There are 2 protein chains.
Amino acid sequence: MPNPTAAMLVIGDEILSGRTRDANMHYLAGELARHGIDLCEVRIVSDRHEKIVAALNDLRADYNHVFTSGGIGPTHDDITADAVAAAFGVALDIRADAREILAQHYARTGLELNAARLRMARIPDGASLIANPVSSAPGFTLGNVHVMAGVPAVFQAMVAELLPKLEGGAALFGQSLTIPRGEGEIAESLKALALAFPTLAIGCYPFQRDGAYGATVVVRGAEKAQVDTALVQLAALFPEATEASGA
Amino acid sequence: MPNPTAAMLVIGDEILSGRTRDANMHYLAGELARHGIDLCEVRIVSDRHEKIVAALNDLRADYNHVFTSGGIGPTHDDITADAVAAAFGVALDIRADAREILAQHYARTGLELNAARLRMARIPDGASLIANPVSSAPGFTLGNVHVMAGVPAVFQAMVAELLPKLEGGAALFGQSLTIPRGEGEIAESLKALALAFPTLAIGCYPFQRDGAYGATVVVRGAEKAQVDTALVQLAALFPEATEASGA
């Protein structure tokens, strides 16, 4: 059975403006790979209602899961919950259980649960909450869409809460070799290898180091034995190759 | 006149698998902001022909410019040129000027211009070349789509070649303040500020540092005087705020 598929939707002007470098995408990609869910597409859109709604509706139709990051805080530019409710055509209201989580959090910290903070208890009808062990304000799952915070520490904590509840598939085995030759010299061999192992994903990532060309070849697949066999064949063709770290 | 709009399409399994952290998106976002082109959306898709074609056709219809990164090397997984040709419905052949650039490069370096390397001279009909001062193999522009390499050094060199030829708009002025309060306490003030300055983009990015909550507020707009006025009003509301680096 093929692995479940997923897309990620990052909501955030700050990444598109070049101000911030995204951290959540790289984190989620690694976690999904380990859990056997194939991340197939990522979109980053700005804080505009209609863009978020359109992307949500595209992605939730195309993939088994959609993970979103950003836009669920208390400020005027936090509009993700509204967009999710609109995409699903459901109402969005302050919900008692979410409000109670916030009330307890602010009672503990001695801060006021004001109108802005209460915005974080607005949950689309039919959603289930995703716990936030870092700062309490919950994320939520509606249908196949999982809505999480943009602050990396909170995003990561929510992913840790959520992932064990989702059915994963086979984690891909990956191995890689670094070959001290230009891509153009190994391309024919790689093409032959890809044809010989049609179920493996064989990627080639060129680099230049100290003025010399080289390429890292990454072989990934569901069956470890097959990945190993392909790697052995490749290493035999290029005896000068070395094991690369971090397949 | 509003600034030209842009999208970026990153082609690369290696980012979706979590193996590599994207560097080109953050670089392009910064360069476009300085050039007065608004980056509105980014998509990352895997090395699958139909996914690349669909994303290209979506994005080139929606934005003034589409910048792509990745998939134009000599190996079997380099399929971007084919996808661009398919998206535009034009032929893709080895072109004399691109071939000549490669021939001179490999003559200089003493390497063979073999069949794999010749793939990099395949240019869709009607495209113009983007020079590659790093490793010669050119990118290309077809219509409003600018196709560039994925290797960061080459991508950056191609962006430097390309951007001066594209009409830019007003670079946005950005200023930011760091306020040592939780987002929930400043949210009402920010909302009022956003209503008072409807042409400014006001973003709020919370953080936790040494156990204390804080938020960086970023104000961006085309007119410096207006950005400054909004910042002064905000600073008056929160006298404990400090200037943040890197708006």
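## Two copies, one shared sheet

Let's start inside chain A, where strand 1 (residues 5-11) and strand 2 run parallel and are joined by seven bridges. One of the pairings is easy to find in the structure: A:Thr5 has A:Asp38 of strand 2 as its bridge partner. Keep in mind that what you are looking at is a predicted model.

If strand pairing is new to you, here is the background: strands of a sheet pair through backbone hydrogen bonds, either parallel or antiparallel.

### Across the chain boundary

Now follow strand 2 of chain A outwards. What does strand 2 of chain A join in chain B? Its partner there is strand 2 (residues 38-45) of chain B, with five bridges between the two, and this pair runs antiparallel. For example, A:Glu41 is matched with B:Val45 in strand 2 of chain B.

Step back and you can see what this pairing belongs to. Twelve strands make up an open sheet, and their order is 6(A)-7(A)-8(A)-3(A)-1(A)-2(A)-2(B)-1(B)-3(B)-8(B)-7(B)-6(B). The pairing in this sheet is mixed. Its edges are strand 6 (128-130) of chain A and strand 6 (128-130) of chain B, each of which pairs on one side only. On average, and ignoring direction, neighbouring strands in this sheet are turned by 20 degrees against each other.

Something also lies against this sheet. Helix 4 of chain B packs on it, touching strand 1 (5-11), strand 3 (65-69), strand 7 (139-142) and strand 8 (145-148) of chain B. The direction of helix 4 makes about 165 degrees with that of strand 8 of chain B.

### How the copies are related

Try turning chain A by 180 degrees, with a shift of 0.0 Å along the axis: chain A can then be laid on chain B with an RMSD of 0.0 Å. The two copies are thus related as by a two-fold rotation axis. Both copies use the same surface, as 98% of the contact residues of chain A recur in chain B. Which residue of chain A comes closest to the rotation axis? That would be A:Arg43, whose C-alpha is at 2.2 Å.

The contact between the chains involves 49 residues of chain A and 49 residues of chain B. On the chain A side, at least two residues each come from helix 1 (13-16), helix 2 (24-35), strand 2 (38-45), helix 6 (115-118), helix 8 (183-196), strand 10 (201-209) and strand 11 (212-221). Sorted by class, this side of chain A has 23 nonpolar, 14 polar and twelve charged residues.

### A second sheet in chain A

Strands 10 and 11 turn up again in another sheet. This one is open, has four strands in the order 10-11-9-12 (chain A), and its pairing is antiparallel. Strand 10 and strand 12 (242-243) of chain A are the edge strands, pairing on one side only. Strand 12 is held to strand 9 (residues 173-179) of chain A by two bridges, and these two strands run antiparallel. Look for A:Leu177, which stands opposite A:Glu243 in strand 12.

### Helices side by side

Two packed helices are described by the angle between their axes and the distance between the axes. Here are three pairs to compare in the structure.

| Helix pair | Crossing angle | Axis distance |
|---|---|---|
| Helix 3 and helix 4 of chain A | about 50 degrees | 9 Å |
| Helix 3 and helix 4 of chain B | roughly 50 degrees | within 9 Å |
| Helix 2 and helix 7 of chain A | roughly 20 degrees | within 10 Å |

Are helix 2 and helix 7 of chain A roughly parallel or oblique to each other? Their angle is under 35 degrees, so they count as roughly parallel. Their crossing is right-handed. The contact is made by A:Asn24, A:Tyr27, A:Leu28 and A:Glu31 of helix 2 and A:Pro152, A:Phe155, A:Gln156 and A:Val159 of helix 7. These divide into five nonpolar, two polar and one charged.

In chain B, helix 3 and helix 4 are oblique to each other, and this crossing, too, is right-handed. Among the residues that meet here are B:His49, B:Ile52 and B:Leu56 from helix 3, and B:Thr80, B:Ala83 and B:Ala87 from helix 4. By class, this contact has seven nonpolar, three polar and one charged residues.

Notes
Residues numbered from 1 in each chain as written. Chains lettered and ligands numbered in written order. Predicted model: local features only at pLDDT ≥ 70, side-chain atom pairs only at ≥ 80, totals over all residues. Least-squares fit on C-alpha atoms with pLDDT ≥ 70 in both. Contact = placed C-beta atoms within 7 Å. Nonpolar A, V, L, I, M, F, W, Y, C, P; charged D, E, K, R; others polar. Pairing = 2+ DSSP bridges. Axes fitted to C-alpha atoms, helices over the stretch in contact; angles between N-to-C directions. Parallel < 35°, antiparallel > 145°, perpendicular 65-115°, else oblique. Left-handed = near helix turned anticlockwise from the far one by under 90°.
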